[in-house]
Structures are given as C-alpha cells and as structure tokens.
Amino acid sequence: AFHHSSLSPSIPLENTNMGQKVQFTGDDRFSAAQFDTIARHLRAKLPTKTRFLGKKPTEYFSGKRMIDFLMESDFHKTDDEDDRVIKIRKDAVDLARLMMASGMFVRATFAEKQVKKKDGKIKTRKVLVPLHPQRQSFVAEDEPFFWTYDPITNQSVFYGLLLLGGVAACAALPLWPVWLRNAVIAVLLFIIIGRPLAWLAVWLITFSRWNFYILPNFDEDNMPFSKRFSPIVSLERSETASGGADDDDDDGDDGDGDEDGDEDGDGNDDTGNASSDNAAESTPDADE
C-alpha cells in the first residue's frame, strides 16, 4: 500500500514520458557532440542513490546536485573562458532541460510503501513515484529525478566480451589442463559450499552473536555485477546480539542534495533523526 502526500497524484509508470527519444537539434551554446559527451559524463559520474521504482531498483539524483556537479566539472572550470561549454549556471540549467526533453531522466517524488521483511516484520520504505506529465519540468532544487538514459559504455562492452570468453572457455573444457579444471572446480565448490559453512562456523562459535560473510554481495540481484565482489569479507553483529534493533538503510546524506537525511528532496528534515547505520550507496531491501 502506498501513502502519498505530494501536491500532485502519482501516475502509472507507463504513462510518463520516460524512454521517449527526442532528436537533439542543438542551439547556440551546445553542439550535438557536446551534448552527448556531457550526457555520458553525467550518467557515469553524477552521484546517485538507489530506490525502488515499482519493483525495479532505480538510480536517482536531485536537480540541485546535477547543476552543482556541472558547475564543478571541467565543462565549466577551464582556464580559457572561450573553451567553456557551460559559462554560467543558467547554461547548466538549460542543458539539463534539454536532457529531460530528450527523455534521459524523469522527475519523481517519494511515496511510502509497506514492505514485509524476511523476518516477518513490516517496515515503511520510501519509494520513487513519477510525477504527472504536466509536472514534468526540470527544477534546480532538491527534487528527485531518476535516470532512464542508459548508454552503452566501455565497461558494458568489456563485460560482454568477458562473458563471451567465458562461454568459449567452458566449451573448450575437455582441452583444459587437469590442474586448471581442478582449480575451477575448487573455486566453484568454495562459492557454493565453503561460504555458507564459514558463516555457520562463526555463527556457532560466537553463539549467534556475529555473522561472518565471504563476498556478502555476491548473491545480490539488485547490485551491479562489478560491485558484487566488494567487500571480500564482512563481519556484522547479529540482531539477536544487539537486542533485535531494526537497521535502516537511510543515512545523513541521502543523495538528493539537501543533506537532511529525509530523502524527500525538500530540504526539510521531517523524519526527526536521520539514521546513519549503513553506507550512503546502500541497496534498498527488496519486497517479499
């Protein structure tokens, strides 16, 4: 169930303008090449947080943070003023509006959703909800926007080639040296059996006070593949040892630019106290 108190009612995701591509015709300040370069830079480097949009984890940011990021980038801070793509703050705002008109991101708001945890507890989570099309305008304020622009990057090409290489290597398994086959089998057995056994051993030795994880993010479906191998190990105090305290995944810096910790992008701390239990880039809990 959603509880939403914004000024405008939310609408189904398929009714927004996300994903629509408007051809960039350029203007007096930005060429098509500059527009593409800046868009790719923002998509790769602009700090974001992750919230669920429906059942899909989605990266979001605030309009204010995007403009501040552009004004601190090399597109504005160059020694030669004539080479500056973004000369004043208004240029950055106009560029963001062009990107939004091209369907690269969508304006949203936050709603509350009841989520059932694995232990049976019910928690209230803030989720992203796209605004009505009539309110789809860019503002350089603490308002959330979520990305729909997902260009093909060199990293994606690398992982694709790596996957193809892995498939080809598996097809050539009979040609592998015996030692290499044994090593691969040992690694797979460790991932499947060794990791849970290591957790169980620590859990029993410490009388369920501590949880020891090897590659704790390896099985996280909501996390990018490149981040699943970090950290290598993790030691956490269990809830039974801490009195069953319920951890929250929010912190003081919620990623929407206002640093108030309430994640609503309005600059007002209406939650009372911001929790700082987990890292700012934590992945939200999935619905059961």
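The exercises below, each with a worked solution, concern a predicted model.

Residues are numbered from 1 along each chain as its sequence is written, and side-chain values use heavy atoms, with hydrogens and water left out. Because the model is predicted, local features need pLDDT of at least 70 and side-chain atom pairs count only at pLDDT 80 or more, whereas totals for chains, interfaces and linings use all residues.

**Exercise 1. Overall layout**

State how many helices and strands the chain has, and in which pattern they follow along the sequence.

Solution. Helices (H or I, at least four residues) and strands (E, at least two) are DSSP runs, numbered from the N terminus. By that rule the chain has 5 helices and 8 strands. Their pattern along the sequence is β-α-β-β-α-α-β-β-β-α-α-β-β. Of the 288 residues, 35% count as buried, where buried means under 20% relative accessible area, exposed over 50%, and partly exposed in between (1.4 Å probe, protein chains only).

**Exercise 2. Strand S5**

Determine whether strand S5 is largely enclosed or not, and how S4 and S5 run.

Solution. Strand S5 covers residues 122-130, and 7 of its 9 residues are buried, so the strand is largely enclosed by the rest of the structure. Two strands pair if DSSP finds at least two bridges between them. Strand S4 (residues 105-116) and S5 are joined by 9 bridges and run antiparallel. One of the bridge pairs is Ala111 with Val127 of S5.

**Exercise 3. His76**

Find the loop that holds His76, and the backbone oxygen that its side chain reaches.

Solution. His76 sits in the loop between helix H2 (63-71) and helix H3 (89-101). Its relative accessible area is 13%, so His76 is buried. The His76 side chain reaches the backbone oxygen of Ile86 at 2.8 Å. Neighbours within four places in sequence aside, His76 is in contact (heavy atoms within 4.5 Å) with Leu70, Met71, Arg84, Ile86 and Lys87.

**Exercise 4. Salt bridges**

For Glu59, Asp68 and Arg97, name the salt-bridge partner of each.

Solution. A salt bridge is a side-chain nitrogen of Lys or Arg within 4 Å of a carboxyl oxygen of Asp or Glu. A search of the whole structure finds 6 of them.

- Glu59 pairs with Arg43, the closest N and O atoms being 3.5 Å apart. This pair links distant parts of the chain, with Glu59 in strand S3 (residues 56-62) and Arg43 in helix H1 (residues 32-45), 16 residues apart. Glu59 is partly exposed at 32% relative accessibility, whereas Arg43 is buried at 17%.
- Asp68 pairs with Arg89, with 2.9 Å between the closest N and O atoms. Here helix H2 is linked to helix H3, the two residues being 21 residues apart.
- Arg97 pairs with Asp94 at 3.7 Å, N to O. Both lie in helix H3, 3 residues apart, about one turn of the helix. Arg97 is partly exposed at 46%, and Asp94 is buried at 12%. Elsewhere, salt bridges that share partners join Lys64, Asp68 and Arg89 into one network.

**Exercise 5. Phi values after helix H5**

Give the sign of phi for Phe207 and Ser208, and locate both residues.

Solution. Most residues other than glycine have a negative phi. Phe207 has a positive phi of about 55°, and Ser208 has a positive phi near 65°. Phe207 is found in the loop between helix H5 (178-205) and strand S7 (210-214), and Ser208 lies in the loop between H5 and S7. Phe207 counts as exposed, at 63% relative accessibility.

Terms used:
A polar contact is a pair of N or O atoms within 3.5 Å; within protein, one must be able to donate a hydrogen and the other to accept it, and residues adjacent in sequence count only if both atoms are side-chain atoms.
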